[in-house]
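Student: I would like to go through the terms used for this model and see what each one rests on. Where should we begin?

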Amino acid sequence: MGGRSALPVASIKERLDTFESVYGARLHLVQGDLTDKDVVYRLFEEVRPEAIVHLGECPSAPYSMIDADHAIWVQRNNIEGTMNVLYAMRDLAPESHLVKLGTMGEYGTPNLDIPEGFFEVEYRGRRDRLPFPRQAGSWYHWSKVHDSNNVMFACRIFGLRATDVMQGVVYGTRFFGNAADHPADPALHTRLDFDQAFGTALNRFSCQSVIGEPLTLFGLGNQRRGFLPICDSMQCLALAVDNPPQAGDYRVFNQFEETYTISELAAKVATVASEMGLDPRIRRIENPRKEMEEHHYNPDHDHLLALGYQPTRDMESELRAMLEDLLPHHDRIAARREVLLPDIRWDGSRRKSGFLDGSNGTGDAGIEDPPFGERGKRDAGAEAGVSNSGIH
Ligand code: USQ
């Protein structure tokens, strides 16, 4: 996507060595492609895992929306990799526990509260407990839905056990142990992307604040999502591993801390950035996606709390820590500032989004009013017909 990690990522050897010196354990690394069944089977033969935390998928909605080749690659990569893991579990580690990363986006934005995976339905006088309908918003999110169905079916027919984690949008730079309070050894940093495809909203807003670019709200900015910092994402995965389900059980965790609208988040980043002496500006741009910009959003998230999950820190302190970690890399980010404005559109075209106030990015501080008077309209950004003026 022409981007790069805002934080430099050390070589794999350096990362393994540093991990060992900080945490006293040598990690065993095997490099291979999960879509290669032989690779997965060899790995299972060697390791005979008790638990598998499967994060090995393409995570990007926009990337999957570029064109047919990208859509098909994302679906094949994600679905085939998981199928190989499921069959390797059946054949070589049937007692093991799969912790599989799904996404809150599988549910979409229905006009109902969202349960954790399943709900009770009454229809024509009969009742059943059924999977809650999935209404994903990108080919990537649909790949996760298909994964969920496959994992659920494998549990039923192979007697496997799995936790399907419907994770919200992750942000932050500090993820190890007591990371919340201490910056990680720089050699342990993981990627932090800020381009349109692999950068998530809060990570992008933080990078934009650091280099003085506007924080880009897509459309109205009233889309609501669940968020959690990366250190708590790690905590939740560890809780799932430590508390496996019974054989044959397929369980679903909704994994997020709080829900916020994207405008609320941008305002939080702007507040923290201002306190740190930066000069953030929030601006609306045409929404390149087709998504509801005003909607009900009230997902349950009780399962992890019942296992003892405790959010470790509030969003403001996480944002402050993130900005502290990013500021020294101002030049690295600034050198790729052109990747910040999105041009991958859900209608298949490729055109950079314009600012919705029609100016050239030098507007006032704060959030401009949307130039169209139809708040609440679905896909408002896509329909606003805003000209291309204001593109960097
Ligand atoms: N958004 C903006 N401005 C930006 C970037 C995004 O307003 O500069 C908006 C988007 O329109 C969307 C929301 O923020 O409404 C979230 O977008 P995102 O890019 O942060 O997250 P998303 O595409 O939903 O995907 C991310 C991860 C994905 C994960 C998902 C969890 O990339 O791997 O599955 O978050 S969830 O959103 O709950 O489905």
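Student: What makes β1 and β2 a pair of strands?
Tutor: Two strands pair if DSSP finds at least two bridges between them. β1 and β2 have 4 bridges, in the parallel sense, so the criterion of at least two is met. One of the contacts along the sheet puts Ala51 and His97 together as bridge partners, with His97 in β2.

Student: How are the residues numbered, and what kind of model is this?
Tutor: Residues are numbered from 1 along each chain, as its sequence is written. The model is predicted: local features need pLDDT of at least 70 and side-chain atom pairs count only at pLDDT 80 or more, while totals for chains, interfaces and linings use all residues.

Student: What makes a stretch a helix or a strand?
Tutor: Both are DSSP runs numbered from the N terminus: helices are H or I with at least four residues, strands are E with at least two. The chain has 12 helices and 11 strands.

Student: What is the strand order in the sheet that holds β1 and β2?
Tutor: The order is β1-β2-β5-β9, an open sheet of 4 strands with parallel pairing. Its edge strands are β1 (51–54) and β9 (250–255), as each pairs on one side only. Neighbouring strands are turned by 20° against each other on average, direction ignored. Such angles are taken between axes, that is, lines fitted to C-alpha atoms (for helices over the stretch in contact), and run from 0 to 180 degrees between N-to-C directions.

Student: How many bridges link the other neighbours in this sheet?
Tutor: β2 is joined to β5 by 7 bridges, with Gly102 opposite Met166 in β5. β5 (residues 161–167) and β9 share 6 bridges, and Val165 stands opposite Phe253 in β9.

Student: Which helices lie on this sheet?
Tutor: Helix α5 (residues 139–158) lies across β2 (97–103), β5 and β9, at about 155° to β2. α7 also packs on the sheet, touching β1, β2, β5 and β9, and its direction makes about 145° with that of β2. Contact here means that the C-beta atoms of two residues, placed from the backbone, lie within 7 Å.

Student: Why is β2 called mostly covered?
Tutor: 7 of its 7 residues are buried. Buried means that 20 or more other C-beta atoms lie within 10 Å of the residue's own; exposed means 12 or fewer, and partly exposed is in between, with C-beta atoms placed from the backbone. Both faces count: His97, Val99, Leu101 and Thr103 are buried on one side, and Leu98, Lys100 and Gly102 on the other. Over the chain of 392 residues, 44% count as buried.

Student: Why does Ile72 count as exposed?
Tutor: Ile72 has 12 C-beta neighbours inside 10 Å, so the label is exposed. Ile72 sits in helix α4 (residues 68–92).

Student: How do you know that the span of helix α8 agrees with what is expected?
Tutor: The expected span is 1.5 Å times one less than the number of residues. For the 14 residues of α8 (residues 262–275) this gives 20 Å, and the end C-alpha atoms are 20 Å apart, so the two agree. The buried residues of α8, including Ile262, Leu265 and Val269, pack against α6 (201–211), β7 (215–218), β10, β11 (282–285) and α10 (315–326). Just after α8, Gly277 takes a positive phi of about 90°.

Student: What makes a residue part of the shell around the ligand?
Tutor: A residue is near a molecule if its C-beta atom, placed from the backbone, lies within 6 Å of it. Of the 21 residues around the ligand, Pro59, Thr103, Met104, Gly105 and Phe218 come nearest. α6, β7 and β8 each give two or more residues, and β7 gives the most, with 3.

Student: How many of the shell residues are charged?
Tutor: The count is 4 charged, beside 8 nonpolar and 9 polar. Asp, Glu, Lys and Arg count as charged; Ala, Val, Leu, Ile, Met, Phe, Trp, Tyr, Cys and Pro as nonpolar; and the others, Gly among them, as polar.
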